[in-house]
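Okay, everyone, let me take you through this one by its helices, its charged pairs and one cysteine. Have the viewer open and click along as I go.

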Amino acid sequence: MTDSKPFSGRTALVTGASRGIGAATARHLANLGTTVVLAARTTDQIETLAREIEAGGGTALAIGCDVSRSQEVRVLIDTALARTGRLDLLVNN
């Protein structure tokens with residue numbers, strides 16, 4: 001028997017999560033039981049995705065971030081760790 005939530009208890013940070021491959025990856029990871037931290041410049045889109053994931057029973061946190069700005073990346077990581085307690089996976093999309 002296989003575990004339907006093999007990444008349960010894990011946290012993934014997905015950059016570029018507002019659309020396309022990033023959003024699809026975040027949805028897939030959430031379906032596997034991963035808490036997903038969604039990062040992108042377009043906060044309204046990642047907030048919508050976070051609500052969608054949570055409505056489906058997953059856990060998501062949306063944090064606006066421009067990864068080309070090192071200070072924003074520091075805030076992203078600090079906030080993600082403070083809110084989730086861990087980061088296990090990085091999808092640098």
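One term before anything else: when I say buried, I mean under 20% relative accessible area, exposed is over 50%, and partly exposed is in between, with a 1.4 Å probe and protein chains only. Now the fine print. This is a predicted model, so local features need pLDDT of at least 70, side-chain atom pairs count only at pLDDT 80 or more, and totals for chains, interfaces and linings use all residues. Residues are numbered from 1 along each chain as its sequence is written, and side-chain values use heavy atoms, with hydrogens and water left out.

Let's start with helix 1, residues 20-31. Helices and strands here are DSSP runs numbered from the N terminus, H or I with at least four residues for a helix, E with at least two for a strand. Helix 1 has 12 residues, and from its first C-alpha to its last it reaches 17 Å, close to the expected 16 Å. That expected span is 1.5 Å times one less than the number of residues.

So which residues of helix 1 are buried? They are G22, A23, A26, L29 and A30. These residues cover an arc of only 130° around the axis, which puts them on the same side of helix 1. The arc, by the way, is taken from the directions from the helix axis to the C-beta atoms. Flip to the face turned away from that buried side and you'll find the exposed residues G20, I21 and N31.

What do the buried residues of helix 1 pack against? You get strand 1 (11-15), strand 2 (35-40), helix 2 (43-55) and strand 4 (89-91). Contact, for the record, means heavy atoms within 4.5 Å. And after helix 1 comes G33, with a positive phi near 100°.

On to helix 2, which tells a similar story. Its 13 residues should span 18 Å at 1.5 Å a residue, and the end C-alpha atoms are 18 Å apart, which agrees. Here I46, L49, A50 and I53 are the buried residues. Looking down the axis of helix 2, they fall within an arc of 105°, so they line one face of the helix. The face turned away from them has D44, R51 and A55, which are exposed. The buried residues of helix 2 pack against helix 1, strand 2 and strand 3. Just after helix 2 sits G57, again with a positive phi, this one about 95°.

Now the charges. Side chains of opposite charge can pair when their charged atoms come close. The cut-off for a salt bridge is a side-chain nitrogen of Lys or Arg within 4 Å of a carboxyl oxygen of Asp or Glu. How many turn up in the whole structure? The search finds four.

Take R27 and E52: their closest N and O atoms are 2.6 Å apart. This pair links distant parts of the chain, with R27 in helix 1 and E52 in helix 2, 25 residues apart. R27 is partly exposed at 34% relative accessible area, and E52 is partly exposed at 40%.

R86 and D88 also meet in a salt bridge, 2.7 Å from N to O. R86 counts as partly exposed, at 35% relative accessibility, and D88 is partly exposed too, at 32%.

Then there's E72 with R69, 3.8 Å from N to O. R69 counts as partly exposed at 49%, and E72 does as well, at 30%. D66 joins in here: D66, R69 and E72 are linked in a network of salt bridges.

Stay on E72 for a second, because I want to use E72, which is in helix 3, to get to the cysteine. Not counting residues up to four places away in sequence, E72 touches C65 and D66. D88, on the other hand, is 16 residues from E72 in sequence and 20 Å away in space, C-alpha to C-alpha.Last stop, C65. Where is C65 found? It's in the loop between strand 3 (60-64) and helix 3 (70-84). And is C65 buried or exposed? C65 is buried, with a relative accessible area of 4%. Leaving aside neighbours within four places in sequence, C65 is in contact with A39, A40, R41, E72, V73 and L76. L76 is 11 residues from C65 along the chain, and their C-alpha atoms are separated by 6.6 Å.

That's my tour, thanks.
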